[in-house]
Amino acid sequence: VMLEEVVIHGQSGHSSDPSLGRNALEAMSEVLQRLLVFRDELMLVRQPLFAVPYATMNLGCIHGGDNPNRICGQCRLQFDVRPLPGQSIAELRARLARAEAALVEQSSDQGRNP
């Protein structure tokens with residue numbers, strides 16, 4: 001089993017002026033969407049000898065923000081991946097790292113800092 005964590009650092013501020021902050025929850029929404037695509041890709045590899053014939057991923061817990069009237073300055077997501085026998089944990093982590101790097105690059109291109 002792989003126990004993974006993604007932490008997004010934004011810039012907190014008062015919600016009355018969103019231009020003063022960078023909302024970590026909004027950035028995490030993109031991470032969540034990419035992880036769901038990754039989960040779908042994991043399901044493409046099948047091993048019919050098992051009750052659950054594909055690798056699984058569970059988005060286990062998410063924590064972010066400190067008050068409803070403040071821009072969320074940090075958001076943390078923890079999840080697990082359970083690969084099939086023979087699947088390389090190192091390769092799965094490398095795929096996650098490549099996806100993270102692409103997200104950081106996209107974010108930088110858009111003037112955001114995940």
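Contact here means heavy atoms within 4.5 Å. By that criterion, among contacts in this predicted model between residues at least 6 apart in sequence, 65% join residues at least 24 apart. The legends below start with the whole chain and then turn to single sites.

**Figure 1. The whole protein, with two helices and five strands.**
Read along the sequence, the elements follow the pattern β-β-α-β-β-β-α. The C-alpha trace spans about 55 × 30 × 20 Å along its principal axes. Of the 114 residues in the protein, 25% are buried. The accessible surface comes to about 7,200 Å², and carbon and sulfur atoms account for 52% of that area.

**Figure 2. Strand E5 and its pairing with E1 and E3.**
Strand E5 covers residues 74-82. E1 and E5 pair in the antiparallel sense over eight bridges. In this pairing, Val 7 stands opposite Arg 76 in E5. Strand E3, residues 56-64, also pairs with E5 in the antiparallel sense, over eight bridges. Here Ile 62 has Leu 77 in E5 as its bridge partner. In a regular strand the side chains alternate between the two faces of the sheet.

**Figure 3. The largest nonpolar core, a set of 19 residues.**
Leu 35, Leu 42, Met 57, Phe 79 and Val 81 touch the most other members of this core. Strand E1 (2-9), helix H1 (24-42), E5 and H2 each supply at least two of the core residues. The most comes from H1, which gives seven residues.

**Figure 4. The surroundings of Phe 79, a member of the largest nonpolar core.**
Neighbours within four places in sequence are left aside in this view. Phe 79 is then in contact with a run of residues at the start of the chain, namely Met 2, Leu 3, Glu 4, Glu 5 and Val 6. Its contacts also include Met 57, Asn 58, Leu 59 and Gly 60. Leu 35 and Leu 96 complete the list. Two of these partners, Leu 35 and Met 57, are named with Phe 79 among the core residues that touch the most other members.

**Figure 5. The salt bridge between Arg 93 and Glu 4.**
The structure holds seven salt bridges, and this is one of them. The closest N and O atoms of Arg 93 and Glu 4 are 2.6 Å apart. The pair links distant parts of the chain, with Arg 93 in helix H2 and Glu 4 in strand E1, 89 residues apart. Arg 93 counts as partly exposed because its relative accessibility is 40%. Glu 4 has a relative accessibility of 16% and therefore counts as buried. Side chains of opposite charge can pair when their charged atoms come close.

**Figure 6. The salt bridge between Glu 5 and Arg 76.**
The side chains of these two residues meet at 3.1 Å, N to O. Glu 5 lies in strand E1 and Arg 76 in strand E5, so the salt bridge ties together parts that are 71 residues apart in sequence. Glu 5 is partly exposed, at 42% relative accessibility. Arg 76 is also partly exposed, with a relative accessible area of 29%. Arg 76 is the residue that Val 7 stands opposite in E5.

**Figure 7. The salt bridge between Glu 91 and Arg 98.**
The closest N and O atoms of Glu 91 and Arg 98 are 3.2 Å apart. Glu 91 counts as partly exposed, at 38% relative accessibility. Arg 98 is partly exposed as well, with a relative accessible area of 48%.

**Figure 8. Cys 72 and Cys 75, two cysteines in no disulfide.**
The structure holds zero disulfides. For Cys 72, the nearest cysteine sulfur is that of Cys 75, 5.2 Å away. For Cys 75, the nearest is in turn that of Cys 72. A disulfide requires sulfur atoms within 2.5 Å, so a separation of 5.2 Å does not qualify. Cys 72 is buried at 2% relative accessibility, and Cys 75 is buried with a relative accessible area of 0%.

**Figure 9. Gly 86 in the loop between strand E5 and helix H2.**
This loop runs between E5 (74-82) and H2 (89-109). Gly 86 is exposed, with a relative accessible area of 84%. The C-alpha atoms of Gly 86 and Met 2 are separated by 14 Å, and the two residues are 84 residues apart along the chain. Met 2 also appears in Figure 4, as a contact of Phe 79.

Technical notes:
Residues numbered from 1 in each chain as written. Predicted model: local features only at pLDDT ≥ 70, side-chain atom pairs only at ≥ 80, totals over all residues. Heavy atoms only, no water. Helix = DSSP H or I, 4+ residues; strand = E, 2+ residues; numbered from the N terminus. Buried < 20%, exposed > 50% of the residue type's maximum accessible area, 1.4 Å probe, protein only. Core = buried A, V, L, I, M, F, W, Y, C linked by side-chain atoms within 4.5 Å. Salt bridge = Lys/Arg side-chain N within 4 Å of Asp/Glu carboxyl O. Areas by Shrake-Rupley, 256 points an atom, 1.4 Å probe, with all protein chains shown as cover. Pairing = 2+ DSSP bridges.
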